[in-house]
Amino acid sequence: MSRREIRNTLLGLAAWWLWMPLVALLVWVVKHFVFGGFGQQDQSYVLLIRQEFFPHGGPWDAAPLFWFWVAAGLVGTAFGWSLVASETGVSTRGWRWRLTVAVTVLAVVASLVRAGTGLWDDDKDVGRFYASATVLDVPGTGAGTPRSVLPVTEGAKPGDGRRCDLVGAADVPACVKTEPMPDFRFEARTASYAAATKALTDSAGLASGVQLLGHSLHYLPDGRGSGRWTAVLDGSDETPLEGVAVWDGRTNEVASCTFRDDHAFDRAFGGTGAVSLRNLLAERFPDLLYSDQDIWGYCDGPDVRTAQPVVVVSVTRQVAWKQRTVLEPAGVLELRGSADGHPAVTYREKVAAGELPGGVYPASVVREQIHEVQWLAGRGAKDDRGFGYDHTSASTNATNPGEFLLRSESDGHLYYVTPLVPRESSSQLVVAFAVLRADTVGTGLNDLHVYVRADNAPSVNLDVLASRMVSYMAQRTAITISAGQGGALQEIVPFGTDMWRGFVDFNGQTQDYIDLSGDATVTPNLVALNGSIAAPGGQPTPAPSPSAAPSSGPAQGANCGSDPGQLTTPQLAACVADLSKALQGRVQQ
């Protein structure tokens, strides 16, 4: 074989091996230099290459796609040399040639095996990563083990006795702790997510081109049972971000703190070109990612209208794990205004409890941790037995099924609380609660505790709870309501000890709420709210005095034997209902 033939062959092989990396490099050059002002373009592409090829930054533990590229390159190399050998008459019977062929075949097989195992374990590896921070808390073991957790406890081995009493036998780490759900005494909310969305959407925003940032609605418990709903007032196109809207959920007053004067802000998440806040964040923090549901805001000051707006972004980081990448929490970004209008962005890698008024741990990561619980018993139990837990599909909670941000009266901390039903089941029985600390974040996962309810615990079904709430309100008032998406009963949220609150919305505003216990042992409590929506900066219409407010019970403070014309409609209806019940009782006797 001549030198020219060898050179041509090597050039052909170089083109075969390098065309894909060169194209990838060319795309990066275009995105990085031609579109240099668009940080999202550069960030997303670099992270994509890392995710699909080099999670660890090099060929060791590379992603499956890299090993497919190696296998294709080796096959092309062997075919090219064989073709040259046949055209030049080079003998292929020597031991060197045979050794080369054998090594090439083994390398191709090894590359395909590496790629295949990576693809096979790709989804399980995600479960393995999040399982390291998951604890299944069960009320008892042995005969008292809940059926929903049996696939994990069967064949389990003793744990360390501190964090884990049992360790699952599957190839995914599973930690089981014998401990019932503590009495967190979660504070109840005063309005539904749907009502907050309606109130803040209709009554917030003072300038054209301003609208609520999707999914930025956030509940801030205040420790006094009267938390606030907030949402980011985002700009669009050339309109910058306006500020933060606040709704107390009780008086229906909507106010807002805005970026102005020494706290101006010239960017927006929905902005374009030089106004794009997303491009700015991607350029300054190329390794940090976030979801819209992890963006929220608050007004830093005693008076909302004069307070300084602050936007908080709970961020994640793409980290290498096995032959792939996963997302883990990476702190928060605090966005404030400045005198020149340029966003003052502070990156806080760690946030301790109480340093910020809302949830700093990304809710998107919480949902991923809950989803990956299905792997704790291994692939077989997940696929064949449907092990795992899922969010409820009850119609009342269709738009907001979980990750409720609640404050515990027991310890004062904020938690994400999610009622769970069996995975791959038509049952809507709440068999577990997912609870995770929300007011602290660092460079790692917070423990997700899945508190599994005992099989003999009083059954809790959100559809049944909704039916009981509708029935109770019909008995105590002259109003008939419907449940489910589009109905008046919009949302049922847990609080206290085995207590649930349902919100009754009319025209998008929460007018009443009903408290029921899951075991029906506590007398239901029906509370009517009053007030009207006021625009930011305006004064709300004063709520009626308590004596004039509709009563939730049968003529509270009034005598059913008095003049019916002096009773309100709900009081009169309650008296009629009580009279009917008493009459039915005497007939039965």
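Begin by selecting strands 22, 23, 24 and 25, which in this predicted model form an open sheet of four strands in the order 22-23-24-25, with antiparallel pairing. Strand 22 (489-495) and strand 25 (525-528) stand at the edges, and because each has a single partner strand, one side of each is left without a neighbour in the sheet. If you look along the sheet, neighbouring strands are turned by 20° against each other on average, with direction ignored. As background, the strands of a sheet pair through backbone hydrogen bonds, and this pairing is either parallel or antiparallel.

Next, keep strand 22 in view together with strand 23 (residues 499-506), since these two pair in the antiparallel sense over six bridges. To see one such pairing, select glutamate 491, whose bridge partner in strand 23 is phenylalanine 503.

Now add the helices around the sheet. Helix 7 (residues 193-203) packs on the sheet and touches strand 22, strand 23 and strand 24 (509-517), while its direction makes about 120° with that of strand 22. Helix 11 (residues 462-476) lies across strand 22, strand 23, strand 24 and strand 25, and runs at about 110° to strand 24.

Return to strand 23 and select methionine 499, which lies in that strand. Is methionine 499 buried or exposed? Methionine 499 counts as buried because its relative accessible area is 15%, and buried means under 20%. Leaving aside residues up to four places away in sequence, methionine 499 touches Val493, Pro494, Asp515, Leu516, Ser517 and Val522. Select arginine 185 as well: 314 residues separate it from methionine 499 along the chain, yet the C-alpha atoms of the two are separated by 9.4 Å.

For a contrast in setting, move to helix 1 (residues 3-34) and select leucine 25, which has its place there. Leucine 25 is partly exposed, with a relative accessible area of 47%. Then extend the selection to Leu18, Leu22, Leu25, Leu26, Val29, Val30, Phe33 and Val34, which form a nonpolar patch on the surface and together have about 740 Å² of accessible area.

Finally, zoom out to the whole protein chain, in which there are 12 helices and 25 strands. Buried residues make up 47% of its 589 residues, and the accessible surface of the chain comes to about 27300 Å², of which 56% belongs to carbon and sulfur atoms. Among contacts between residues at least 6 apart in sequence, 62% join residues at least 24 apart.

Definitions and conventions
Residues numbered from 1 in each chain as written. Predicted model: local features only at pLDDT ≥ 70, side-chain atom pairs only at ≥ 80, totals over all residues. Heavy atoms only, no water. Patch = residues over 30% accessible without salt bridge, like charges linked within 9 Å, V, L, I, M, F, W, Y side chains within 5 Å. Areas by Shrake-Rupley, 256 points an atom, 1.4 Å probe, with all protein chains shown as cover. Salt bridge = Lys/Arg side-chain N within 4 Å of Asp/Glu carboxyl O. Buried < 20%, exposed > 50% of the residue type's maximum accessible area, 1.4 Å probe, protein only. Pairing = 2+ DSSP bridges. Axes fitted to C-alpha atoms, helices over the stretch in contact; angles between N-to-C directions. Contact = heavy atoms within 4.5 Å.
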